[in-house]
Amino acid sequence: MIRRILVANRGEIAVRIIETCARLGIETVLAASAADLGAVPARRADRVVCVGPAPSAQSYLNADAIVAAAIDTRCDAIHPGYGFLSESIVLAAKARGAGIVFIGPTEAQLAGVGDKLRARELAVAAGLPVVPGGAAGSVEEAEAIVARIGCPILIKAVGGGGGRGMKLLLDPKDARATIALAAAEAEAAFADGRVYLERFVARGRHVEVQLVGDGETVVHLGDRDCSIQRRYQKMVEEAPAPDLDDGLRGRLHAAAVAFGRALAYRGLGTVEFLVDAERGEFYFLEMNARIQVEHPVTEAITGLDLVAEQIAIADGRPLRLAQEDVAFVGHAIEFRINAEDCLRDFRPSPGTVTRAVFPVGDGVRVDTHVEAGSAIPPFYDSLVAKVVVHGRDRAEALARAGRALADCRIEGIATNLDMHRALLADAEFRRGGVDTAYFPRFWRT
């Protein structure tokens with residue numbers, strides 16, 4: 001039985017995991033870098049251990065240091081959160097070797113979905129549609145794919161995420177240079193320069209389905225729309241995806257569950273799809289084998305604690321709910337508040353928060369690790385808070401979002417709060433169902 005968990009992460013997700021553990025009576029040890037020893041998560045955890053200096057490569061990405069910290073503090077399990085080592089086969093294997101539970105899927109499942117080419121093969125085998133394209137072992141092979149499926153084409157890193165290594169190819173004559181650039185960026189970011197090519201869908205919506213499984217039973221927890229993105233980074237997420245045909249929604253859920261069953265999936269996972277808004281079709285994109293940043297909108301409409309479900313499954317307990325037990329209530333929207341200057345091309349804005357006032361009220365939740373006096377180091381992701389609103393329907397959620405964002409104050413650093421307020425006032429966003437091309441168009445106007 002899991003009694004003490006090493007939280008191998010930082011920021012708001014560390015606080016989020018610690019809060020659930022406290023509710024469950026599980027002790028927590030925070031694995032923090034030297035830059036985070038005085039941060040809010042360090043004060044919330046039962047104990048803190050330093051795993052290295054500020055740069056993440058020497059601390060949060062050091063699997064040996066993480067496992068050593070878990071051994072030294074006699075933790076039963078490691079929760080990796082998202083990002084950093086959350087999908088690391090190395091960390092999972094080292095934890096297993098030390099007799100410590102890795103709170104996540106199996107190593108084989110991590111290997112299967114962590115490589116986008118392998119995940120694509122698995123999706124095809126499970127009967128899911130994929131975007132026309134394929135892997136390219138050389139520039140010549142890539143040029144052959146370009147000739148076969150035509151431009152525009154999206155070039156993606158096989159081993160990466162978060163948009164790094166991703167390039168849009170509009171003209172075949174630029175293929176050689178663009179592919180080389182994408183491969184170099186992928187090599188620098190992920191130590192894996194392999195790329196693959198997919199037909200670019202101009203009016204695509206990014207819709208994902210949340211899964212939870214115990215290795216035998218797989219249940220979906222509904223869908224989320226993550227189409228509002230800047231440079232492939234999500235900024236706003238909604239559950240359920242607005243303005244989506246019920247038949248299409250049902251097919252997305254069924255496809256995600258089929259994929260999870262084919263993997264005999266264990267833990268939380270998100271199957272991401274590209275929905276062709278013009279044709280009413282969808283394609284498998286990838287599966288994320290971890291808890292997602294946007295999980296609170298799913299929690300809002302299902303009433304579930306996804307971290308608690310993760311821990312229960314990792315502890316060897318069977319899934320505590322069947323598909324018919326999952327009820328969806330209302331509509332939820334999440335706004336990611338980042339330390340960045342929107343008027344200066346979203347430049348990161350590290351520094352010290354001098355004032356932090358977050359909204360409260362019915363249907364409002366804020367996940368954050370920030371308070372007055374908090375330092376925002378330059379070493380990490382710029383996310384400082386997630387403002388989540390929930391209403392009986394989308395109209396009520398939008399109304400609550402207006403009040404929540406108006407009441408939010410973060411001073412001392414630049415944030416994207418004003419951008420979110422402007423977005424909320426935009427007629428196209430308020431209608432719902434925007435595609436991934438919406439935000440760049442909105443921010444230009």
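**View 1. F84 is partly exposed, with a relative accessible area of 29%.** Partly exposed lies between buried (under 20% relative accessible area) and exposed (over 50%), using a 1.4 Å probe and protein chains only. This is a predicted model, in which local features need pLDDT of at least 70, side-chain atom pairs count only at pLDDT 80 or more, and totals for chains, interfaces and linings use all residues. Residues are numbered from 1 along each chain as its sequence is written, and side-chain values use heavy atoms, leaving out hydrogens and water. Look for F84 in the loop between β4 and α4 (89-97); helices (H or I, at least four residues) and strands (E, at least two) are DSSP runs, numbered from the N terminus. The backbone has a detail worth spotting here: F84 is not a glycine, yet its phi is positive, near 40°.

**View 2. R74 has a positive phi too, at about 55°.** Like F84 in the previous view, R74 is a residue other than glycine. To find R74, follow the chain from α3 (63-72) into the loop that leads to β4 (77-79). Is R74 buried or exposed? R74 is exposed, with a relative accessible area of 70%.

**View 3. Here α3 and α4 cross at roughly 30°.** Their axes come within 10 Å of each other. Axes are lines fitted to C-alpha atoms, for helices over the stretch in contact, with angles from 0 to 180 degrees between N-to-C directions. The crossing angle makes α3 roughly parallel to α4 (under 35 degrees; over 145 is roughly antiparallel, 65 to 115 roughly perpendicular, the rest oblique). Which residues bring the pair together? From α3 come A63, D64, I66 and V67, and they meet V90, L91, K94 and A95 of α4; contact means heavy atoms within 4.5 Å. This contact contains six nonpolar residues, two charged ones and no polar ones (Ala, Val, Leu, Ile, Met, Phe, Trp, Tyr, Cys and Pro are nonpolar, Asp, Glu, Lys and Arg charged, the others, including Gly, polar).

**View 4. Helices α1 (residues 11-24) and α11 (residues 306-314) pack at an angle of about 65°.** The two axes are 9 Å apart. At that angle, α1 is roughly perpendicular to α11. On the α1 side you will see R16, I17, T20, C21, R23 and L24, which meet L306, V307, A308 and I311 of α11. Seven of the contact residues are nonpolar, one is polar and two are charged.

**View 5. Two prolines follow cis peptide bonds, P152 and P240.** The bond from C151 to P152 has an omega near 0°. P152 itself sits in the loop that joins α7 (139-149) to β7 (153-157). For the bond from A239 to P240, omega is near -5°. Trace the loop between β12 and α9 (246-263) to locate P240.

**View 6. R394 is a buried residue of α12.** Which other residues of α12 are buried? They are E396, A397, L398, R400, A401, A404 and L405. Among the elements that cover the buried residues are the strands β12 (233-239), β15 (331-338), β20 (364-368) and β22 (383-391), along with the helices α13 (417-425) and α14 (427-431). Zoom in on R394, whose relative accessible area is 12%. Setting aside neighbours within four places in sequence, R394 is in contact with E238, P242, H331, F429, R430, R431 and G432.
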